[in-house]
Amino acid sequence: MISLTVTALVFGVVFLAELPDKTALAGLVLGTRYRASYVFAGVAAAFALHVALAVAAGSVLTLLPQQILHALTGVLFLGGAAVLLMKKDEDEEEIRKPENQSFWKVAGSGFTLILVAEFGDLTQIMTANLAARYDDPLSVGLGAVLALWAVAGLGIVGGKALMKRVPLKLITKVAAVVMLVLGGWSLWEAVAG
């Protein structure tokens with residue numbers, strides 16, 4: 001059974017954390033050079049693989065005693081918030097142009113770029129942390145993958161317009177505050193439990 005509350009919470013946290021990320025900018029660059037549907041197919045497949053790995057890792061963490069699990073997730077959330085708050089503005093990275101515009105070349109470029117860039121990224125670690133926190137792999141996985149796909153879609157289709165209207169520093173600070181609250185709550189549960 002999927003929990004809409006957990007799915008929505010995960011979606012919000014991951015969405016806010018991914019918006020200012022370099023991979024959103026990379027998707028934007030690829031989307032301006034190639035057919036958007038081809039780029040999205042590759043990017044979406046890479047994000048789905050990352051979420052599956054993160055949820056599996058988080059599910060393993062649920063085997064720990066509850067107090068240790070709460071303390072660990074609290075520390076990870078606080079660490080993630082610190083990373084977001086100390087993050088410097090990222091420039092668009094130069095992306096190698098595929099030799100042709102075929103579906104497999106473009107989708108493969110998007111898949112490879114995201115697969116490499118997102119491995120061990122904050123949102124992947126955060127997804128594992130949320131999977132451990134809520135012990136609901138389907139809801140966490142669904143929320144995370146939908147958030148990552150939404151950010152990728154925004155970046156690929158309308159990223160430039162969005163980035164002009166919503167300051168990335170504000171998005172980053174909101175994501176950091178949400179993570180601070182979740183971290184504090186997890187640590188409180190570890191101490192109170």
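This is a short talk on the helices, the aromatic pairs and a few chosen residues of the structure shown above.

Before anything else, please keep in mind that what we have here is a predicted model, and that I will speak of the values in that light.

Let me begin with the chain as a whole. It has 193 residues, of which 42% count as buried, and its secondary structure consists of 8 helices and 0 strands, so that reading from the N terminus the order of elements is simply α-α-α-α-α-α-α-α. If we take the contacts with a separation of 6 or more, 93% of them are accounted for by residues 24 or more positions apart. The accessible surface comes to about 9,800 Å², and carbon and sulfur atoms hold 69% of that area.

I would like to turn now to helix α6, which covers residues 122-134. With 13 residues at 1.5 Å a residue this helix should span 18 Å, and since its end C-alpha atoms do lie 18 Å apart, the expected and the computed value agree. How many of the residues of α6 are buried? The count is 11 of 13, so the helix is mostly covered, and among the buried ones are Leu122, Met126, Thr127, Leu130 and Arg133. Just after the helix comes Asp135, with a positive phi near 50 degrees.

One residue of this helix deserves a closer look, and that is Thr127, which sits in α6. Its relative accessible area is 1%, and because the limit for buried is under 20%, Thr127 is classed as buried. What does Thr127 touch, once residues up to four places away in sequence are set aside? The list consists of Val14, Val51, Ala54, Val55, Val140 and Ala144. Of the elements behind these names, Val14 falls within α1, residues 4-18, and Val140 and Ala144 fall within α7, residues 137-165, while Val51, Ala54 and Val55 belong to the stretch 36-61 of helix α3.

From the covered side I move to the surface. Ile2, Leu4, Phe11, Leu138, Leu142 and Leu146 form a nonpolar patch there, and together they have about 550 Å² of accessible area. Helices α1 and α7 each supply at least two residues of this patch, and the largest share, 3 residues, comes from α7.

Phe11, a member of that patch, leads on to the aromatic residues. The structure holds 3 aromatic pairs. In one of them, the rings of Phe11 and Phe15 have their centres 5.5 Å apart and their planes at 15 degrees, and because an angle under 30 degrees is what counts as stacked, this pair is called stacked. Both residues lie in helix α1, 4 residues apart, which is about one turn of the helix. As for their cover, Phe11 is partly exposed at 30% relative accessibility, whereas Phe15, at 17%, counts as buried.

Tyr38 and Phe103 make up another pair, and this one is edge-to-face, with 5.2 Å from centre to centre and 85 degrees between the planes. Why can we say that this pair ties together parts of the chain that are apart in sequence? Tyr38 lies in helix α3 and Phe103 in helix α5, which runs over residues 103-118, so the pair ties together parts that are 65 residues apart in sequence. Phe103 has a relative accessible area of 30% and is partly exposed.

Together with Trp104, these two residues, Tyr38 and Phe103, form one aromatic cluster. Trp104 is also found in helix α5, and at 71% relative accessibility Trp104 counts as exposed. Its C-alpha atom is separated by 8.6 Å from that of Gly42, although the two residues are 62 residues apart along the chain.

Lastly, I want to mention Val75, whose place is in helix α4, residues 66-86. Is Val75 buried or exposed? With a relative accessible area of 51%, and with the limit for exposed set at over 50%, Val75 is exposed. The C-alpha atoms of Val75 and Leu182 are separated by 9.9 Å, while the residues themselves are 107 residues apart along the chain.

That is where I will stop, and I am glad to take questions.

How values were computed. Residues numbered from 1 in each chain as written. Predicted model: local features only at pLDDT ≥ 70, side-chain atom pairs only at ≥ 80, totals over all residues. Heavy atoms only, no water. Expected span 1.5 Å × (residues − 1). Buried < 20%, exposed > 50% of the residue type's maximum accessible area, 1.4 Å probe, protein only. Patch = residues over 30% accessible without salt bridge, like charges linked within 9 Å, V, L, I, M, F, W, Y side chains within 5 Å. Areas by Shrake-Rupley, 256 points an atom, 1.4 Å probe, with all protein chains shown as cover. Salt bridge = Lys/Arg side-chain N within 4 Å of Asp/Glu carboxyl O. Contact = heavy atoms within 4.5 Å. Phe/Tyr/Trp six-rings, centres within 6.5 Å; stacked < 30°, edge-to-face > 60°.
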